[in-house]
Amino acid sequence: MKHLLKRGARSAELGATSLPVRRRITTASHLRLSLSPLLPLFLLLAPGCGWLDRPGSLFGDRNGPTGPAATAEMGETPVDAAQLVGDNWVMAAPDPRLATDPSLPRWRHPALESLYARAPADRPNLIPALTLPDAPLRANAAIGLARWGDGRGLGVLVETVEHAQLKLPLRQAAAEAIGNITQPSPVAALRTLLDNWGRYEPSRALAYSPELHADLLRALSRHVDAADDPRFTESLRAPTLGPRQEAINAWSRTKATELPTAVVDLRADPQPQLRAAAVVLTLDRRHPQALEFARNAIQDYETDVRTATIAALGRYGGPEATAMLERVMLHEGEVLRAAAVPALHQLGVFTAVQTAAGDKAARVRKAAVACLAQHPDRVGTGLVLTLLLDDSPEVRKATLAVLEAWPLPAAGPVLLSAMGEPIYETRKLAGEQLARRWPPAQGFSADVPPDRRGEVVAEIERRWSAEFGNIDREALAAAVKPNPGAPSSGNPGDVVQVGYNAPLAPAAPQLSEDRLNLLQKMVEEAARNEAAAVSFDGFGADVVQGLERLVVERGVVLPDAVFKKVLPPKDEVFAALEQLTWDDVHERRRAANRLSAAAEPAPLRPLAVARLVELGLKESDGLVWSGLFAALARDSSEQAAALAYGGLSHL
C-alpha cells in the first residue's frame, strides 16, 4: 500500500491524470494524424449535421482541459485508504433550494461527510489516493478534493462517470463533483460526458443514462448559461423527468430575456412539477402570453400547479393578475385561497389580508397572519389582537411568532395584552418572547395563579410605561371591532376593520427632527435617481407617519415612486390609491369603492387625502368620482372641497 501511495504522489505532481485518460489522449492523437488529409473536407461537411455541428466536442473537448489545477489546503499525512470506505452514495434529503442553487450537493456519503467537512488544517492528503487500485476509493478521494475546490482529481472523476461497471450513485456523485471544480475549467469534460451519456436516440438507447444526464446538466449549469449551450434546450425534450427538470431549472437561472419554445411547451408536460415551472417561468420573464397560460394553469387538475401559478401572479402584478387572484379568493377552496392571500398582499391589496383573517378555514387565516409581519401599525395591531383569540392553536402560535418581526415598541403592548389571556399557551409564548427581547419581563411566569399573574403583569407594564410611554388599554380594545359588512359567525377569527386614523396602541411617538431630516434626504435622493429601486425599509415602521409630516409640515413633494412602491405594501389605502392610476376603468371604480369603505370607520389621513385629490382631479369617469366623493364625505379640508368643485361636472 505504501508504494502505491508514493506512486500516487508522483502522479499528482504530473497533474494526476489517470491512465485510462492518457490512453484516450494517445488514441485521439493517432486519430487526428490519420485523418489529417481529410480534415479540411470534414470541417466543410460538419456544420448543420446534427450533433456534428459541434466538432470541437469530438476532438478538442474530448480529452478535457489542460493547464494548472486549483489546489486546496490540506495536511501532509496521506489519507488511510480505509477512511475512504466504499461506494454507498445516497440522495440527500429533499430541499427546495436545490432547484435554484446547483452548488448544493444532491449526493452524500454518510461515512465520508465528516471527513469532507474538516477544517483545512485537519484534512488528510487525498492526492496520493487518486491512484489507489480500487476505483470507488479513487473516486471518493477525487470527490473530496473537488468539494474542497481542488481540481487535481478531474481525470479520476471523468473516469468514474464513464466506468459503466461502477454503481450508478457513485458515478452520479462524481458527475456532480465535476461541477465543483473551477480550475482547470470542467466545461469541456462535462460537454463530452453529456454527449456520451446524455444523448437520447433510439440507436443509442443502451448508452443513454437519464440519471447521469440530469447530474451532468446540473454540473454544467454552474459554469455555462443555459442560453449559451444548446444541450440545455435539447434536454427540455428528454424522455425522462430528471433531465427535463434540471434543464428548466437552468433556464430559470439564465440571464437571457427570451425563453425558447421548448420551455414554453413544457406547460403541457405530463409531469405537474414541469408544468408549474414552465408557467411560473413565463410569468417571471413576462412572456407575451403569460397571463393566458396562467389563466389555464389555475384550472390545472394538480393543486401544486395552481398554487405555484398563484404565487407567480403576485410577482407579475397588474390589474389582470389582481382580478384573477381575487376570483380565486371568491370561488376556490381553502388551499388556493391561502395561496392567494400573500400574492394579493404582494400586489398591495391589503383588504385581502383583512378578509382572510376572518375566513372560515384556519389555513387561510394562518396565511393572513404571515402577511402581518410587515404591518406593525394600526390595522396590523387590530388584526393581531383579534387573531390571538382565534379558535385554532396553530393560528394563535403563528400570530405570536409574527410579532418577532415587529419593532419592540409596537410588539410590546400586544405581548403584554397576550400575557393576561386565559389560554395557557398564548400567555406562555407571549411572556417568553417579551422576556427574550426585553429583560425586565423575565420575572413573568405563565404558571402562577391568576391573581398573582395579574400583579406581575401590572408591574411589568409599569416598567414598560416608564421606558416606552403609557399603554392606552382603551385604544387597544377599540382597535379590534367586528366588521359590520361581514357575516357574523361567532368565530373569534371574524374579519376586523380598523380605522386608519384610530389611535395607535400605544400612541405612536413623534419623530425627532433628526429622523425627519434623514427621511427627507432619502426622499430627495429617490427624486434625483428615479431609475433606482426605491425602498425605505431601513427607516422603520414609522415611515408613513414621517412621509406625511414631510408633506404637511414642510411642503415636500413626494416622487411618484414613493406612492407606487413604498406606501402600497404598508397601507391598504395607498394600495387602493395606486389602483386609481391603472388604465382599466373597472379597476379604478373598484379602487374608489375600496377607498370609500376604508373611510367609513374614520376619515382618511391627510397624506392619503392629498394623493386622492391629486389623482381625482385627473379622473374622467363619473362612477369613479362617486366613490371618491363618498371617501371624502367626512373630510372638511380645503383639499376635499377642491375635489368637490372639480367634480361637479361628472355627477
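This report walks through a predicted model of one protein chain, from its overall make-up down to a few single residues.

**The whole chain**

Helices set the scene here: the chain has 33 of them, alongside two strands. There are 651 residues, and 50% of them count as buried. The accessible surface comes to about 30200 Å², with 55% of that area belonging to carbon and sulfur atoms. If you take the contacts between residues at least 6 apart in sequence, 66% of them join residues at least 24 apart.

**Two nonpolar cores**

The largest nonpolar core holds 72 residues, and the ones with the most contacts inside it are L283, L313, V341 and L434. A second core, separate from that one, has 65 residues, among them V79, L193, F232 and I248. As general background, nonpolar side chains in soluble globular proteins tend to be buried together.

L434 is a handy residue to click on. Setting aside neighbours within four places in sequence, L434 is in contact with L408, G412, L415, L416, M419, A441 and W464.

**Helices α22 and α23**

L434 also turns up where two helices pack. Helix α22 covers residues 408-418 and helix α23 covers residues 424-437; their axes are 8 Å apart and the packing angle is about 145 degrees. The crossing of this pair is left-handed. On the α22 side, the contact is made by L408, A411, G412, L415, L416 and A418, while α23 brings in T426, R427, A430, Q433, L434 and R437. Sorted by type, the residues of this contact come out as seven nonpolar, three polar and two charged.

**A mostly covered helix**

Further along, have a look at α31, residues 606-616. Eight of its eleven residues are buried, so this helix counts as mostly covered. The buried set is L607, A608, V609, R611, L612, V613, L615 and G616, and an arginine is thus listed among them.

**Three buried residues up close**

A321 sits in helix α16, which runs over residues 319-331. Its relative accessible area is 0%, so A321 is buried. Not counting residues within four places in sequence, A321 is in contact with L291, L313 and Y316. One of those partners, L313, is also among the residues with the most contacts inside the largest core. A294 is 27 residues away from A321 in sequence, and the two C-alpha atoms are 9.0 Å apart in space.

R306 belongs to helix α15, residues 303-316. Why does R306 count as buried? Its relative accessible area is 16%, and the cut-off for buried is under 20%. Beyond four places in sequence, R306 touches A297, I298, Q299, D300, E332 and L336.

G348 is in a loop, the one between α17 (334-346) and α18 (350-356). With a relative accessible area of 4%, G348 is buried too. Which residues does G348 touch, leaving out those up to four places away in sequence? They are P568, A575 and R594. F574 is 226 residues away from G348 along the chain, yet their C-alpha atoms are separated by 8.2 Å.

**Backbone oddities**

Some loop residues are worth a stop for their backbone geometry. Q183 and P184 are joined by a cis peptide bond, with omega at about 0 degrees. P184 is in the loop between α7 (168-178) and α8 (187-197).

Then there are V85 and R286. V85 has a positive phi without being a glycine, and R286 likewise has a positive phi without being a glycine. Their values and places are set out here.

| Residue | Phi | Loop | Relative accessibility |
|---|---|---|---|
| V85 | about 40 degrees | between α3 (39-45) and β1 (90-91) | 36% |
| R286 | about 55 degrees | between α13 (272-284) and α14 (290-297) | 48% |

Are V85 and R286 buried, exposed or partly exposed? Partly exposed is the label for V85, because its 36% falls between the cut-offs of 20% and 50%. R286, at 48%, is also partly exposed, because the exposed label needs over 50%.

Note on methods
Residues are numbered from 1 along each chain as its sequence is written. This is a predicted model: local features need pLDDT of at least 70, side-chain atom pairs count only at pLDDT 80 or more; totals for chains, interfaces and linings use all residues. Side-chain values use heavy atoms; hydrogens and water are left out. A nonpolar core is a set of buried Ala, Val, Leu, Ile, Met, Phe, Trp, Tyr and Cys residues joined through side-chain atoms within 4.5 Å. Buried means under 20% relative accessible area, exposed over 50%, partly exposed in between (1.4 Å probe, protein chains only). Contact means heavy atoms within 4.5 Å. Helices (H or I, at least four residues) and strands (E, at least two) are DSSP runs, numbered from the N terminus. Axes are lines fitted to C-alpha atoms, for helices over the stretch in contact, and angles run from 0 to 180 degrees between N-to-C directions. A crossing is left-handed if the near helix is turned anticlockwise from the far one by less than a right angle, and right-handed if clockwise. Ala, Val, Leu, Ile, Met, Phe, Trp, Tyr, Cys and Pro count as nonpolar, Asp, Glu, Lys and Arg as charged, and the others, Gly among them, as polar. Accessible areas come from the Shrake-Rupley method with a 1.4 Å probe; for residues, only the protein chains shown count as cover.
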